[in-house]
Amino acid sequence: MIDSPEACLRRRLLGTSSFVAPISLLNATSRNQESRAELLHIADLLRQSAILRLESMVQGLLSEYDRAYERPHEQNWGAIILRLAQEASDTVTPNVRIADTMDIRPYVKIKVIPGGSYLECRYVDGIVFSKGVVHKKMRKSACSPRILLLSGGVDFQRTHSKLATFTTLLEQEQKYTEIIVEKIIRLQPDLMCVGSSISRQAQEYLNQHDVVAVQHVKPRLMKQIARMTGAAIVPSTDYVTSMSDYRDIALGTCQHLQITTYPSVPLEGYHVKSIPKLNHVQPHYKRMRGHGYVSYVYLSGSPRFLGCTLILRGARKSELKKIKRIVGFAVFVAYHLRSGTDHPSSLHLYQLISGTEQLIPEVPLPVNS
């Protein structure tokens, strides 16, 4: 009988002429499988205990929150906070090799949008920020948009040291704006976030070329967008020409762009006294933000390990700020509990989390050979 190549290789590696694996190897494999099953069982116990511990902490914080407002909450904020915290801690993974911090909170943005229902609280695999387009005719959505980040502005810098007529200044501004917008269009972006202002003529030109523009983006927000989309931050329009050959590297992207408008709630702490006049009461008006509406930019579909945004709705802004603090702490605790439960061999960690030793099975830990 001629041995197969697999059998010859197995015989050379195992040091036996038999076609069957040695009994010692089979016993070792069986013990490893049993140890693996036992460790998986311990890992499940660790996760269950961590969830119970997180639930008790959240309920304790919510009870303090309810006493501060002197009324119980009708909404089930506990379940919402736990769901958002667990989803964020399970998806976001900081990478220290690219200079990320071990704290997950800088990469989890919690956005408060007053009004609506608490059922609208959700997890977004991207970044959400409150900005509106510079031109009302610009489109409000796009699939797989190409994103350009410009820290400078798109406007004409006038020199006050020289004398010129008003007509000459207008012609210079128009030509300069056309040249700058032409450079930007060569990159073929769908969304452009600008750190400074965009002139009116540039807004019209960008709208004609179907480019969505957002202005006055803060540097911190610009860095967050760059992280989530992979775009490079261009210092000024002078660098746009040199980056036209590296369009794929300079521009970022995500799966979906959506600009959503929500009704603005009255600002708190602003009251107008009613003035009686001619046997009737003057209507009670409150100052509103954004002429009654506020726009938010959703950039969703980014890699989940880079970061996320948690949307909080269903109450006034002052109440949602309290909930935001609880959510931030719950995300921090849930991430570190997850990091601890990823190592099931640490039985002492299970004792610290659960506070008891009765649930721990006496399982000998495998010894690595």
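Trainee: At what distance does the side chain of Thr309 reach the backbone nitrogen of Val128?

Mentor: The model is a predicted one. A polar contact requires N or O atoms within 3.5 Å. The side chain of Thr309 meets this condition with the backbone nitrogen of Val128, at a distance of 3.4 Å.

Trainee: Which backbone oxygen does the side chain of Thr309 reach at 2.8 Å?

Mentor: Thr309 belongs to strand S14, which spans residues 308-312. Leaving out residues up to four places away in sequence, Thr309 touches several residues, including Tyr123, Val124, Gly126 and Val128. At 2.8 Å, the side chain of Thr309 reaches the backbone oxygen of Gly126.

Trainee: Is Thr309 buried or exposed?

Mentor: A residue is called buried when its relative accessible area is under 20%. The relative accessible area of Thr309 is 0%, so Thr309 is buried.

Trainee: What distance separates the C-alpha atoms of Thr309 and Asp125?

Mentor: Along the chain, Thr309 and Asp125 are 184 residues apart. In space, the separation of their C-alpha atoms is 6.6 Å.

Trainee: Which helix gives the most to the largest nonpolar core?

Mentor: The largest nonpolar core has 43 residues, and those with the most contacts inside it are Val154, Met192, Ile198, Ile225 and Leu299. The helix that gives the most to this core supplies five residues and spans residues 219-229; it is H6.

Trainee: How many residues has the other core, which lies apart from this one?

Mentor: The other core includes Leu54, Val58, Leu62 and Ala85. Its number of residues is 33.

Trainee: Which residue with a positive phi follows H6?

Mentor: Within H6, the buried residues are Leu221, Met222, Ile225, Ala226, Met228 and Thr229. The helix is then followed by a residue whose phi is positive, near 80°, namely Gly230.

Trainee: Which polar side chain lies 2.9 Å from the backbone oxygen of Ile198?

Mentor: Not counting residues up to four places away in sequence, Ile198 touches Val134, Val154, Met192 and Gln203, among others. One of these, Gln203, is found in helix H5. With a relative accessible area of 7%, Gln203 is buried. The side chain with a polar atom 2.9 Å from the backbone oxygen of Ile198 is that of Gln203.

Trainee: What arc do the buried residues of H5 cover around the axis?

Mentor: The buried residues of H5, which spans residues 200-208, are Ala202, Gln203, Tyr205 and Leu206. They lie on the same side of H5, because the arc they cover around the axis is only 165°.

Trainee: Which exposed residues does the face of H5 turned away from its buried side carry?

Mentor: Exposed residues have over 50% relative accessible area. On the face of H5 turned away from its buried side, the exposed residues are Arg200 and Gln208.

Trainee: What kind of aromatic pair do Trp77 and Tyr118 form?

Mentor: The structure holds two aromatic pairs. Planes under 30 degrees apart count as stacked and those over 60 as edge-to-face, with the rest called tilted. The ring planes of Trp77 and Tyr118 lie at 55°, with centres 6.5 Å apart, so the pair is tilted.

Trainee: How many residues apart are Trp77 and Tyr118?

Mentor: Trp77 is in helix H3, residues 77-91, while Tyr118 is in the loop between strands S1 and S2. The pair thus links distant parts of the chain, and its members are separated by 41 residues.

Trainee: Does Tyr118 count as buried or partly exposed?

Mentor: Its partner Trp77 has 3% relative accessibility and counts as buried. The relative accessibility of Tyr118 is 27%, so Tyr118 counts as partly exposed.

Trainee: What is the angle between the planes of Tyr262 and Tyr296?

Mentor: Tyr262 and Tyr296 form an edge-to-face aromatic pair, 5.6 Å centre to centre. The angle between their planes is 70°.

Trainee: How many residues apart in sequence are the parts that Tyr262 and Tyr296 tie together?

Mentor: Both tyrosines are buried. Tyr262 lies in strand S10 and Tyr296 in strand S13, so the pair ties together parts whose separation in sequence is 34 residues.

Trainee: From which backbone oxygen does a polar atom of the side chain of Ser89 lie 3.0 Å away?

Mentor: Ser89 is found in helix H3. It counts as buried, because its relative accessibility is 2%. The backbone oxygen 3.0 Å from a polar atom of its side chain is that of Gln86.

Terms used: Residues numbered from 1 in each chain as written. Heavy atoms only, no water. Core = buried A, V, L, I, M, F, W, Y, C linked by side-chain atoms within 4.5 Å. Buried < 20%, exposed > 50% of the residue type's maximum accessible area, 1.4 Å probe, protein only. Helix = DSSP H or I, 4+ residues; strand = E, 2+ residues; numbered from the N terminus. Contact = heavy atoms within 4.5 Å. Phe/Tyr/Trp six-rings, centres within 6.5 Å; stacked < 30°, edge-to-face > 60°. Arc of directions from axis to C-beta. Polar contact = N/O pair within 3.5 Å; in protein donor to acceptor, adjacent residues only side chain to side chain.
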